[in-house]
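Reader: I've got a structure to go through and a handful of questions about it. Could you talk me through them one at a time?

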Amino acid sequence: MTEREKMLSGKLYKTSDEELVKQRDLARNASSRYNSTTEEEKKERQEILKGLLGHLGEGVEIFPSVQFDYGCNTYIGDNCYINFNCTFLDCAEIRIGNNVFIGPGASFLTPVHPLLAEERNVRVDENGQKYMMEYCKQITIEDNVWFGGGVTVTPGVTVGHDTVIGAGSVVTKDIPSGVIAAGVPCNVIREITEQDRIEKIN
């Protein structure tokens with residue numbers, strides 16, 4: 001099993017593996033190119049993202065700056081809106097559904113470092129090369145979710161469809177569909193109901 005296969009299957013893997021380093025370099029260079037574009041270069045932005053991401057849906061807007069760790073492990077559905085300064089550490093897959101709104105400064109973090117320092121710290125292999133061991137857990141965002149600014153989503157979390165996550169929240173566990181949730185750690189506050197409708201139906 002390659003280190004990439006270990007990474008995507010949630011097993012411990014060497015972060016210094018040559019294939020993984022090359023993909024991270026590619027993603028960071030692509031992110032830098034994307035962040036250097038202007039508002040008049042929307043076509044160039046789309047070309048960069050389509051060449052980098054695992055999937056890019058129709059009608060997606062991502063405002064610079066944005067940072068992808070691997071890029072190829074991020075899958076974004078249709079009509080998503082991602083505001084300034086968002087980070088996607090996509091060692092495991094990050095799957096984002098349709099019509100997802102992400103506020104500025106949000107972070108989606110799939111890596112997990114070992115809790116024991118002796119397992120977490122930098123090591124040296126038989127060739128004198130330094131390396132670290134980590135594993136990762138997939139993040140899944142279902143359709144129609146809205147994240148306020150500065151939200152952090154931690155490894156292994158699923159957020160259900162039609163849910164709103166309040167600004168500044170740290171999402172450490174699964175959040176069900178159709179609720180407002182907020183806080184550190186993020187917890188469900190209440191369900192979203194017809195009483196929340198702004199445009200009243202005649």
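Reader: Which strand is joined to β1 by 2 bridges?
Author: This is a predicted model, so take what follows as a reading of a prediction. Strand β1 covers residues 13–14, and its partner runs antiparallel to it. Within that pairing, Tyr13 stands opposite Glu134. The strand holding residues 133–136, joined to β1 by 2 bridges, is β14.

Reader: And which residue in β14 stands opposite Val112?
Author: Val112 takes us to strand β11, residues 111–112, which is antiparallel to β14 and tied to it by 2 bridges. Across from Val112 in β14 sits Tyr135.

Reader: Let's go to the open sheet of 5 strands: what is its order?
Author: The pairing in this sheet is parallel. One of its pairs is β10 (residues 107–109) with β17 (residues 152–153), held by 2 bridges. Read across, the order is β4-β7-β10-β17-β20.

Reader: Which strands stand at the edges there?
Author: Look for strands with a single partner, because one side of each is then left without a neighbour in the sheet. That description fits residues 66–68 and residues 170–171. The edge strands are β4 and β20.

Reader: In β17, which residue is the bridge partner of Ser107?
Author: The two strands to look at are β10 and β17, which run parallel. The bridge partner of Ser107 in β17 is Thr152.

Reader: Which residue does a cis peptide bond join to Pro64?
Author: Omega at that bond is about 0°. The partner's place is in the loop between β3 (61–62) and β4. The residue joined to Pro64 is Ser65.

Reader: What is omega for the cis peptide bond between Val184 and Pro185?
Author: Pro185 has its place in the loop between β21 (179–182) and β22 (187–191). For the cis bond that joins Val184 to Pro185, omega is about -5°.

Reader: Is Asn79 buried, partly exposed or exposed?
Author: Asn79 lies in the loop between β5 (74–76) and β6 (81–82). Its phi is positive, about 55°, although Asn79 is not a glycine. Relative accessibility is 43%, so Asn79 counts as partly exposed.

Reader: What is phi of Asn99 near?
Author: Asn99 has its place in the loop between β8 (94–96) and β9 (101–102). At 33% relative accessibility, Asn99 counts as partly exposed. Phi is positive here in a residue other than glycine, with a value near 60°.

Reader: Now Asp69: buried or exposed?
Author: Asp69 is found in the loop between β4 and β5. Leaving out residues up to four places away in sequence, Asp69 touches Gln23, Arg24, Ala27, Arg28, Phe88, Leu89, Asp90 and Cys91. The cut-off for buried is under 20% relative accessible area. Asp69 has 9%, so the call is buried.

Reader: How far apart in space are Pro176 and Val188, C-alpha to C-alpha?
Author: Pro176 sits in the loop between β20 and β21, and counts as partly exposed at 42% relative accessibility. Setting aside residues up to four places away in sequence, Pro176 touches Gly160, Thr163 and Val188. Pro176 and Val188 are 12 residues apart in sequence, and their C-alpha distance is 8.2 Å.

Reader: Zooming out, what radius of gyration does the protein have?
Author: There are 4 helices and 22 strands to pack, and the C-alpha atoms fill a box of roughly 75 × 45 × 25 Å along the principal axes. For 202 residues, a compact globule would come out near 17 Å. The protein agrees with that, at 18 Å.

Reader: How much of the protein counts as buried?
Author: The accessible surface comes to about 10,900 Å², with 50% of that belonging to carbon and sulfur atoms. Among contacts with a separation of 6 or more, 29% are between residues 24 or more positions apart. Of the 202 residues, the share that counts as buried is 40%.

Reader: Last one: how far apart are the mean positions of the positive and negative charges?
Author: The protein carries 21 positive and 30 negative charges. Their mean positions are separated by 3 Å.

Definitions and conventions. Residues are numbered from 1 along each chain as its sequence is written. This is a predicted model: local features need pLDDT of at least 70, side-chain atom pairs count only at pLDDT 80 or more; totals for chains, interfaces and linings use all residues. Side-chain values use heavy atoms; hydrogens and water are left out. Two strands pair if DSSP finds at least two bridges between them. The radius of gyration is taken over C-alpha atoms; the globule rule is 2.2 Å times the number of residues to the power 0.38. Buried means under 20% relative accessible area, exposed over 50%, partly exposed in between (1.4 Å probe, protein chains only). Contact means heavy atoms within 4.5 Å. Accessible areas come from the Shrake-Rupley method with a 1.4 Å probe; for residues, only the protein chains shown count as cover. Lys and Arg count as positive and Asp and Glu as negative; His and the chain ends are not counted. The place of a charge is taken as NZ of Lys, CZ of Arg, CG of Asp or CD of Glu.
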